Amino acid sequence: MSTATTTLTEALDANFSRLSLSASPVPSTRPPLPSWKAPPPTQEEVEWADILTVDLSLYETDKSRLIETVQTALQRDGFFYIIGHGIDVEELNRQFDIGQVAFDQVPREEKEEHRAQIKEKGSFMGYKLQNYWEINDGVRDRIEHYNFYNNSIDPATRHPTALRPFVPEVKEFLHTMRQTILHRVLNLIDSVLGLDEGYLWELHQNSEGEMGDDLFRYMIYDPLTGEESKKTNGVMLNGHTDFNSISTLISQPITALQVLMPDNVWRYVKHKDGAFVINIGDQLSFMTGGVLKGTMHRVVSPPEDQRALRRLGVFHFAHFRNNIPLNLLPSKKVHEEGHVIFEGEIPTTNEWEERRVKSYGTSEFIKGEEYDIEVIAGLQVRHYH
């Protein structure tokens, strides 16, 4: 790794230490907002997924244990929790406060003005409004999200009026997520794969400051009606893998996210206060030849005691820099244990993202009983019911 890259990594390490040690309450100068009222966790008995936990407070003192945990998690089920990250819980809750603004304080007409060019450009920038995707048997989705892209957040005037006062906070929080969570997780995965520390980070942000166009999302689910739920078997978002490199969401109390575990059983992801939930997407899985698992996950109607509630989420989808071919990484482990993914033309990072965004939930699928199949760049992509 170059001296310039090493210097950048050291600087980010120093920044992480500062964030971890000086987590502070939300400054009083920030615009006031109604507080997000976190719903109580479910009291019903459900089957929980056995997902491992990585405590980043041990990063400097017991990194080998973290590496072992990440390796097991990503080769087994593709998900793990992050705790000990140093981001104050008030900062996390503030993001849910802002998320409410995107859905409750922006008029429908203005949302239409900021509608994402999903089919046209393969971009989620702006609003994905309800009823865009078909879930099953004619039932349309009840999901709305607002999306920021890392390289296009400024100026604030490109966003809905009600969100503009909070754009600096969004930008700051995304920066913190990249430096505090993403950078460390990628370094741990470097060690899992036998790569030089900083290799994967450089694919997300190089020494010249070129960055992947990460997506930062506020997302809300309205409940399905009883009739809709019957037709979809309770599914609110079909089973899928993510399109990007690393996905991060702030854990929230409504029990609805399910992971398809190695025994082919869907199990719920349990809420952990103040934790992040991490999974890898297609692109990192492809570049490891399938050694690291891009796991199927879906969203279903919550248990009965939460079923009538709206489900608000905050997500960070990290992206590799543009125009990087999805070749196998230069890792001995990858070349010995993985396999070639693309037999023909190899798509680049942004090409794969655009193709999946454009086609997701709208393409003609090969229908199946358990899942439907879509063919992209010669690969069969599954969409579970």
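How many helices and strands are there in the protein? In this predicted model, the protein contains 11 helices and 16 strands. Of its 385 residues, 56% are buried, and the exposed surface of the protein amounts to about 16500 Å², of which carbon and sulfur atoms supply 49%. When contacts with a separation of 6 or more are considered, 75% of them are accounted for by residues 24 or more positions apart.

Helix α2, which comprises residues 63–76, was examined in more detail. With 14 residues at 1.5 Å a residue, α2 should span 20 Å, and the 20 Å that separates its end C-alpha atoms agrees with this expectation. The buried residues of α2 are Leu66, Ile67, Thr69, Val70, Ala73 and Leu74. Because these buried residues fall within an arc of 165° when α2 is seen down its axis, they line one face of the helix. This pattern can be related to the general geometry of such elements: an α-helix has 3.6 residues a turn, so residues three or four places apart point the same way. Ser64 and Glu68, by contrast, are exposed on the other side of α2.

The surroundings of the buried face draw on both helices and strands, in that the buried residues of α2 pack against α6 (167–193) as well as against β1 (52–55), β2 (79–83) and β12 (276–280). Just after α2, Gly78 adopts a positive phi of about 80°.

Notes
Residues numbered from 1 in each chain as written. Predicted model: local features only at pLDDT ≥ 70, side-chain atom pairs only at ≥ 80, totals over all residues. Heavy atoms only, no water. Helix = DSSP H or I, 4+ residues; strand = E, 2+ residues; numbered from the N terminus. Buried < 20%, exposed > 50% of the residue type's maximum accessible area, 1.4 Å probe, protein only. Contact = heavy atoms within 4.5 Å. Areas by Shrake-Rupley, 256 points an atom, 1.4 Å probe, with all protein chains shown as cover. Expected span 1.5 Å × (residues − 1). Arc of directions from axis to C-beta.
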